[in-house]
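Welcome! Here is a guided look at one protein model, taken piece by piece. Please keep the sequence and the 3D view at hand as you read.

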Amino acid sequence: MPDKAEIMDENGIMRAVTRISHEIIEKNKGVENVVIIGIQRRGVPLARMIARKIKDVEGNAVPVGILDITLYRDDLSTLSEHPIINGTEIDFSITGKKVILVDDVIFTGRTIRAAIDAIMDIGRPRMMQLAILIDRGHRELPIRPDYVGKNVPTSKNEIVHVKLMDVDGINTVTISDMK
């Protein structure tokens, strides 16, 4: 299906990442004990972008990890007989840390629930916060992001496409109708 509209261009994405980064610094009174964990796939480049922006502002590097929630999904049996596992790479302790989970789009909240379960199996953070580039509504679980790049009210028949340079070769967010 062709895209109906561009929601964010590259500059819009960069402004959202900058704003989220500043909000993380402000809410946490700096970045001491803050770690950022991107949810596979497009949460990972977003997490790295946020970490780079925080380093630019604060002068301190924030550890970045990668979280694969595939095996924690409640719809795993409907995905595929052989789901693709991208791998979790968190080479630092999260126990006692302020974990910022990062993903591209929040819809029902089920991905975030799976991410919380996966994080709790790895360690016991002091707190978890959620940073999302696009909040499209339609929550099925009581999960609300702490940081949002853009709220985009959608119908359930629409799809939000986030494309990021590291994965897709372009930074853009578009919306289209389901097939």
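What follows walks through the sheets, the helices and two loop residues of this structure.

Before we set off, please note that this is a predicted model.

**The five-stranded sheet**

Let us begin with an open sheet of five strands, which pair in parallel and follow the order E3-E2-E4-E5-E6. Strands E3 (64–67) and E6 (147–151) stand at its edges; each has a single partner strand, so one side of each is left without a neighbour in the sheet. Ignoring direction, neighbouring strands here are turned by 25° against each other on average.

Now look at how some of these strands are joined. E2 and E4 run parallel and are linked by five bridges. Between E4 and E5, also a parallel pair, there are eight bridges. E5 (residues 127–135) in turn pairs with E6 in the parallel sense over four bridges.

You can follow a path of partners across these strands. Start at Gly38, which stands opposite Val102 in E4. Val102 in turn stands opposite Ala131 in E5. From Ala131 the path goes on to Tyr147, its bridge partner in E6. Another pair to find is Ile106 with its bridge partner Asp135 in E5.

How many of the nine residues of E4 are buried? Nine of the nine are, so E4 is largely enclosed by the rest of the structure. For E5, the count is seven of the nine residues, so this strand too is largely enclosed by the rest of the structure.

**The three-stranded sheet**

There is also an open sheet of three strands, ordered E1-E8-E7, in which the pairing is antiparallel. Strands E1 (3–8) and E7 (158–163) are at the edges with a single partner strand each, so one side of each has no neighbour in the sheet. From one strand to the next, the twist averages 25°. E1 and E8 (residues 172–177) run antiparallel and are joined by four bridges. One pair to look for is Asp3 and its bridge partner Ser176 in E8.

H1 packs on this sheet, where it touches E1, E7 and E8, and its direction makes about 40° with that of E1.

**Two helices that meet**

Next, turn to the helices. The axes of H1 (residues 10–27) and H2 (residues 43–58) come within 9 Å and cross at roughly 60°. Angles from 35 to 65 degrees fall in the oblique range, and H1 and H2 are therefore oblique to each other. The crossing in which H1 passes H2 is right-handed.

Which residues make this contact? On the H1 side they are Ile13, Met14, Val17, Thr18, Ile20, Ser21, His22, Ile24 and Ile25. On the H2 side they are Leu46, Met49, Ile50, Lys53, Ile54, Val57 and Glu58. Sorted by class, the contact has eleven nonpolar, three polar and two charged residues.

H2 also lies across strands E2 (34–39), E3, E4 and E5, running at about 155° to E2.

**Two loop residues**

Finally, here are two residues that sit in loops. Gly30 has its place in the loop between H1 and E2, while His138 is in the loop between E5 and E6.

Is Gly30 buried or exposed? Its relative accessible area is 11%, and buried means under 20%, so Gly30 is buried. His138, with a relative accessible area of 26%, is partly exposed, because that value lies between the 20% and 50% cut-offs.

Each of them can be paired with a residue 30 places away along the chain, as the table shows.

| Residue pair | Separation in sequence | C-alpha to C-alpha distance |
|---|---|---|
| Gly30 and Asn60 | 30 residues | 9.5 Å |
| His138 and Thr108 | 30 residues | 5.6 Å |

What does Gly30 touch, not counting residues up to four places away in sequence? Its contacts are Ile24, Ile25 and Glu58. These three residues also belong to the contact of H1 with H2. Leaving aside its own neighbours within four places in sequence, His138 is in contact with Phe107, Thr108, Thr154, Ser155 and Lys156.

Methods
Residues numbered from 1 in each chain as written. Predicted model: local features only at pLDDT ≥ 70, side-chain atom pairs only at ≥ 80, totals over all residues. Heavy atoms only, no water. Axes fitted to C-alpha atoms, helices over the stretch in contact; angles between N-to-C directions. Parallel < 35°, antiparallel > 145°, perpendicular 65-115°, else oblique. Left-handed = near helix turned anticlockwise from the far one by under 90°. Contact = heavy atoms within 4.5 Å. Nonpolar A, V, L, I, M, F, W, Y, C, P; charged D, E, K, R; others polar. Pairing = 2+ DSSP bridges. Buried < 20%, exposed > 50% of the residue type's maximum accessible area, 1.4 Å probe, protein only.
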